[in-house]
Amino acid sequence: MGEYFDALCERSVMDAACRRVMRKKARGGLDGVEIDDQHTDADKMVSALIKELRTGAYVPVPYARGAIPKFDEQNQWRKISLPSVRDKVVQQAFVEALGPVFNKTFLDCSYAYREGKGPVKAIKRVEHILHTHHIRWVTTMDIDNFFDTMDHDIFIGEFTKKVAEPEILQLVHLWLKAGCISARGDWIEPYDGIAQGAVVSPLFSNIYLHPLDCFAIGNNCLYVRYSDNLIVLSETKETLYLWYEQLKSFLEDRLRLRLNEDPYPFKDKERGFVFLGIFFQNDVRQISTAKETNICRRINWLTDKTQQKDPEIFLEKFNKCIEGVQRYYSCIEPLRQFEIIDQHILKRVRPLLDHFYEMGCFPSRDDLKSYIMKIRFLAAKPDDARHAFCRSLTEEVVKKKAKADDKNTEAKTAAEAEKEKDQSGLQKRFTAQKKRYLRKVADHAELIISSPGVFLGKTGERIVLREKRKNIAEYPFSRIKNITVNTAGVSLSSDIIFRCSRSKIPITFYTLRGMPYATLQSPLHSMGSVSVLQIRTYETEKSLVFIKKVLTGKAKNQINLMKFYLRSRKKTQPEFTRITTENILGMKDLLKQMLQLEHGEVFSVVRDRIFSFEGRISALYWECMRLLVAPELGFEKRNRFQAPDLVNNMLNYGYGILYQRVWLAILNTGMNPHISFLHAFQPNKPTLVYDLVEEYRQPLVDRPVFSLLTRGKKGSDLKLDQQTGMLSKETREKVVKAVLKRFSDLISFRGEKVKYEDVIPLQARKVVAFLEEKDSYLPFIAGY
């Protein structure tokens, strides 16, 4: 074994790594282990890890995908991937053993994730450049989605320039390919990038961007980098433009990275610029407006009294946040801004103190005052002023509680007390029901395979994913509900087919256009009795009643989705508002005419007339939906077959996922998927699926697809493959993720909270009850 691997496996190194992980008290990933749980077994864990490493048996647990708020204007969340506690220990040992090897080669312009560096020193380096050069022009750049788009091959190439031991490289490959499992149980394949949240990610990011640092300094750029944030300073705009283009080309051609778009990348120092949250303008240094807003949003989040039940937990998290802000920005001494933020802190903390005091968290007035004294503020105050402030705030909280108690005592009657008792019992039952439901949701899982070359096997009671004969993930059968394969080159064992069949876990294969072309599942056959009822109902007045019900549901869901988009565009898009308002009225009129249609003529004639109304209603719907997307996407009309444009391809792909769910629901109720009512029989076509799917297209597919097309980058990040004319791999993944997320959203359905996807089997059973004349059929209509 190599020198570096031996150093990593040294007991002293592993013990030190374990202690460091324990001190941070960060929770584990999929192992669900809290750090405190590990203290008693730390020695055993370290011994087991060393043995696994030396014998080559070590395999990391997949990362647990989570998210933390960015507190920006778009209310975005940053995705993080949490390793298990065991993997954190190994990664920490890796960093301690190999970090110094790479740090020796890193340049002085790199300030992120390095001992003796940090954001404050990066800011001071910029200050130094401004003071020692005649700087007039500045450009600040940040790399788009850096951690998620790092190319694995490029990274390995850079890594092996310093360390090429096979055992070390095997660990690197394992961590790069470990994959993530989302909170809903979805498997996320790691094609590129490194996990934000992994202990090794900071080191890996600096290794990856080291060539950029060398290139910039080699071209005499006045350049500073902090992680994926770059700043270049110059005396002339011409020189700055040249450096900007050189760095941009190097990132794209050499590192396969892209910069976030900035319409005005070049800033005049006289007008000011922002770097690492600091606004620089001549001699002025202050917290940037965006960062100040970000800090206030973070404070709002931490002080939300609906989320805070334990004052000690709140205090720890809140003070940690304020200490971080103070430590970061104190170097520029933004005293006035600190005072403004402190006013906001007081405004937010005061109601929270009332909340805690009303809950009885503080037995006495002195306990309350002592607690207030512990709350941190940004601007420093003399001790006397701070004590006076705490006394005053304590008195305000106590007096408010006493006043409220007196008022309640006077107003409360025996009847009101009885009502409160009833409501308390109702709330307890509601809470119990909510907990039962949440436990049910936790059991749901989707496993999505979209990477060629993956093998699905079985070990004990776990699904095993292998790639190049190495285990890349394991997942318990008990948490899997569906397995989706949407790529070629995936193989699976007969053992997993047998086990999935027994557990009623369907394995569905999709074409690149999103159509399910095969499903592996336990044999499900239609029940003869239900098939007979389907045949008897076909071409009868009862069939026409059912057809009208289904198309009523579809039309109302179309109208509701249009109203959803109309709600946010009335002031900003007058043309869309005018056309949509008119079309909704037209659709309602056509629906009324369809429902009034007499059934006296031949079945096929009446059905064709109903179809005609449905087509005219849908035409008005698609006319409005077309106006939502950018014209350059080429969405002129709805096209079901061989669609040439991006939007139709995305819709067709989403409908394919929906078809599979409706098909399974039909089979599980015993209906024959080939005996339909609305659509005419077609050889080898599940026409009943086409019937029942109509109710779900708008809420379950159209809405998530058009959300992808109208939010954020408005479809500019969604592509068709130039060679096949079908959706690119990345776009397919985004469509699948968006549609499945919609399937898992909660909805109030006939008095209960259920997931959207659970409505489909419930409605299928309602169809059977309608055929058996046990119940009427009510279509599914989603709100807006």
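**Exercise 1. Place Glu 539 in the structure, and decide whether Glu 539 is buried, partly exposed or exposed.**

Solution. Glu 539 sits in the loop that joins helix H19 (528-537) to helix H20 (541-567), where helices (H or I, at least four residues) and strands (E, at least two) are DSSP runs numbered from the N terminus. The structure is a predicted model, in which local features need pLDDT of at least 70 and side-chain atom pairs count only at pLDDT 80 or more, while totals for chains, interfaces and linings use all residues. Residues are numbered from 1 along each chain as its sequence is written, and side-chain values use heavy atoms, with hydrogens and water left out. For the second step, recall that buried means under 20% relative accessible area, exposed means over 50%, and partly exposed lies in between (1.4 Å probe, protein chains only). Because its relative accessible area is 48%, Glu 539 is partly exposed. As a last step, compare sequence with space: Glu 539 and Leu 678 are 139 residues apart in sequence and 9.7 Å apart in space, C-alpha to C-alpha.

**Exercise 2. Work out how helices H21 and H22 are arranged, and which residues meet.**

Solution. Begin with the axes, which are lines fitted to C-alpha atoms, for helices over the stretch in contact, with angles from 0 to 180 degrees between N-to-C directions. Those of H21 (residues 574-595) and H22 (residues 603-628) come within 10 Å and cross at roughly 170°. This makes H21 roughly antiparallel to H22, since angles under 35 degrees count as roughly parallel, over 145 as roughly antiparallel, 65 to 115 as roughly perpendicular and the rest as oblique. Next, look at the residues in contact (heavy atoms within 4.5 Å): among them are Phe 576, Ile 579 and Leu 590 in H21, and Ile 610, Phe 613 and Leu 620 in H22. Sorted by class, the residues of this contact of H21 with H22 are 14 nonpolar, four polar and two charged. Here Ala, Val, Leu, Ile, Met, Phe, Trp, Tyr, Cys and Pro count as nonpolar, Asp, Glu, Lys and Arg as charged, and the others, Gly among them, as polar.

**Exercise 3. Find how H22 is oriented relative to helix H25, and list the residues that meet.**

Solution. H22 and H25 (residues 697-710) pack at an angle of about 30°, with their axes 10 Å apart, and the two helices are therefore roughly parallel to each other. From H22, the residues Tyr 621, Trp 622, Met 625 and Leu 628 meet Gln 698, Asp 702, Phe 706 and Thr 710 of H25. The contact of H22 with H25 divides into five nonpolar residues, two polar and one charged.

**Exercise 4. Compare Leu 276 and Glu 773 by location, phi and accessibility.**

Solution. Take Leu 276 first, which lies in the loop between strand E9 (273-275) and strand E10 (278-281). Although Leu 276 is not a glycine, its phi is positive, at about 55°, and with 12% relative accessibility Leu 276 counts as buried. Turn then to Glu 773, in the segment after helix H27 (756-771). Glu 773 is likewise a residue other than glycine with a positive phi, near 60°, but at 66% relative accessibility Glu 773 counts as exposed.
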